[in-house]
Amino acid sequence: MKVYEEQGGYQSLKKAFDQKPEEILEAVKASGLRGRGGAGFPTGLKWSFLAKDVFPRYLCCNADESEPGTCKDRELLLKNPHLLIEGMILCSYACRIETGYIYMRGEFQDLSFIMDKAIEEAHAKGYLGKNIMGTGFDLEIHTHLGAGAYICGEESALLNSLEGGRGEPRMKPPFPAVEGLYAKPTVINNVETLCVVPYIVNEGAEKYASMGTEKSKGTKLVSVSGHVKRPGNYEVVLGTSTREIIYDLAGGIRDDNELKAFIPGGSSVPMLPADQVDVGYDYEALAAAGTMLGSGALIVI
């Protein structure tokens with residue numbers, strides 16, 4: 001907590017609380033931030049869909065991360081838990097939410113201890129609880145472990161599991177923004193998505209929107225695995241060539257073999273042959289190539 005604060009952590013709250021909730025929501029809209037869990041839906045627009053004047057409302061952070069090849073959210077939870085808490089506070093303030101949940105896959109038990117400790121620290125500093133920083137805004141955040149079911153990464157199945165039921169997708173409509181957790185309006189965002197919000201509040205929507213492509217704004221965490229020399233998580237500006245990610249950041253093909261194919265967004269998206277390695281790593285370019293960016297898991301073959 002001390003190191004996080006020394007490096008500018010929680011500074012965005014002071015800026016946010018000097019503004020109206022609607023202004024934070026509009027800033028997230030203007031930034032062009034899209035959901036980093038796989039669907040790529042505009043985040044600010046998603047928040048604006050919450051049913052009007054219906055309370056209580058809930059925020060569910062999707063930390064299920066079950067897509068094979070994806071390990072970016074785990075790194076954020078492990079190494080920067082307060083960034084997620086700060087993002088959840090900002091989202092909750094913008095959407096007038098007083099209760100948030102972090103839903104983690106069952107295998108993340110070690111991370112649940114880390115998050116619980118970070119939540120306690122944020123409480124002790126007055127960033128969570130009643131009357132946060134004297135603003136009259138209240139927020140409680142809780143962690144919840146699933147039981148390892150892949151389907152609970154789907155947002156409505158996550159809600160069923162969080163309520164204590166079987167993890168099965170719900171029929172839509174109604175959508176979670178209208179009738180979600182406990183049949184109340186609910187925002188569901190991925191870990192990475194919420195972790196971007198403090199940057200947008202601190203640096204401004206325009207600065208974030210200046211990165212990336214026209215429709216894919218900002219940066220993206222990419223989990224690179226497979227036959228590369230330096231597998232790992234890399235943050236790239238959207239629109240970066242996939243070749244650059246594989247050959248520059250990840251060091252190229254292991255044992256100096258030739259690239260055969262790559263799966264750009266996790267094992268549930270179509271793979272591409274080696275001759276398409278120059279495709280831009282963004283939502284539109286990958287869709288035009290016949291695949292998806294998905295959760296950002298680049299599996300190299």
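In the predicted model, helix α3 is followed by Gly32, a residue whose phi is positive, near 80°. The helix itself spans residues 21-31, and its buried residues are Pro21, Ile24, Leu25, Val28 and Ser31. These residues cover an arc of only 125° around the axis, and they therefore lie on the same side of α3. The buried residues of α3 are covered by several other helices, including α2 (11-17), α4, α6 (81-95), α9 (191-203) and α10 (205-209).

Backbone geometry was examined next. Most residues other than glycine have a negative phi, and most peptide bonds are trans. Against this background, two cis peptide bonds and two residues with positive phi are described here. One cis bond joins Phe55 and Pro56, with an omega of about -5°. Pro56 is placed in the loop that runs between α4 (43-48) and β1 (58-63). Another cis bond joins Pro173 and Pro174, where omega is about 0°. Pro174 belongs to the loop between α8 (155-162) and β4 (186-190).

The loop between α8 and β4 also holds Ala183. Although Ala183 is not a glycine, its phi is positive, at about 65°. Its relative accessible area is 46%, so Ala183 is classed as partly exposed. Glu65, likewise not a glycine, has a positive phi of about 40°. This residue is located in the loop between β1 and α5 (72-79). Glu65 is classed as buried because its relative accessible area of 8% falls under the 20% cut-off.

Pocket analysis of the model gave the following picture. The largest pocket contains about 870 Å³ of space. Its lining comprises 38 residues, and Gly37, Gly38, Ala39, Asn62 and Gly153 are those that lie nearest the centre of the pocket. At least two lining residues of the largest pocket come from each of α4, α5 and β4. Strand β4 makes the greatest contribution to this lining, supplying five residues. By residue class, the lining of the largest pocket consists of 12 nonpolar, 17 polar and nine charged residues.

The second largest pocket has a volume of about 710 Å³. A total of 35 residues line the second largest pocket, and those nearest its centre are Tyr4, Leu76, Asn80, Leu83 and Cys195. Two or more lining residues are given by each of the elements α1 (2-6), α5, α6, α7 (109-124), α9, β5 (219-226) and β6 (232-237). Helix α9 gives the most to the lining of the second largest pocket, with seven residues. The lining of the second largest pocket divides into 16 nonpolar, eight polar and 11 charged residues.

Several elements recur in these descriptions. Helix α9 is among the elements that cover the buried residues of α3, and α9 also supplies seven residues to the lining of the second largest pocket. Helix α6 likewise takes part in covering the buried residues of α3 and is listed among the contributors to the lining of the second largest pocket. Helix α4 is another element covering the buried residues of α3, while at least two of its residues line the largest pocket. Helix α5 supplies at least two residues to the lining of the largest pocket and two or more to that of the second largest pocket. Strand β4 bounds the loop that contains Pro174 and Ala183, and gives five residues to the lining of the largest pocket.

Conventions: Residues numbered from 1 in each chain as written. Predicted model: local features only at pLDDT ≥ 70, side-chain atom pairs only at ≥ 80, totals over all residues. Heavy atoms only, no water. Helix = DSSP H or I, 4+ residues; strand = E, 2+ residues; numbered from the N terminus. Buried < 20%, exposed > 50% of the residue type's maximum accessible area, 1.4 Å probe, protein only. Arc of directions from axis to C-beta. Contact = heavy atoms within 4.5 Å. 1 Å grid on protein atoms, 1.4 Å probe; cavity = no way out; pocket = protein on both sides within 12 Å on 5 of 7 lines; lining within 4 Å. Points joined across faces, edges and corners; volume = space filled by probe spheres on them. Nonpolar A, V, L, I, M, F, W, Y, C, P; charged D, E, K, R; others polar.
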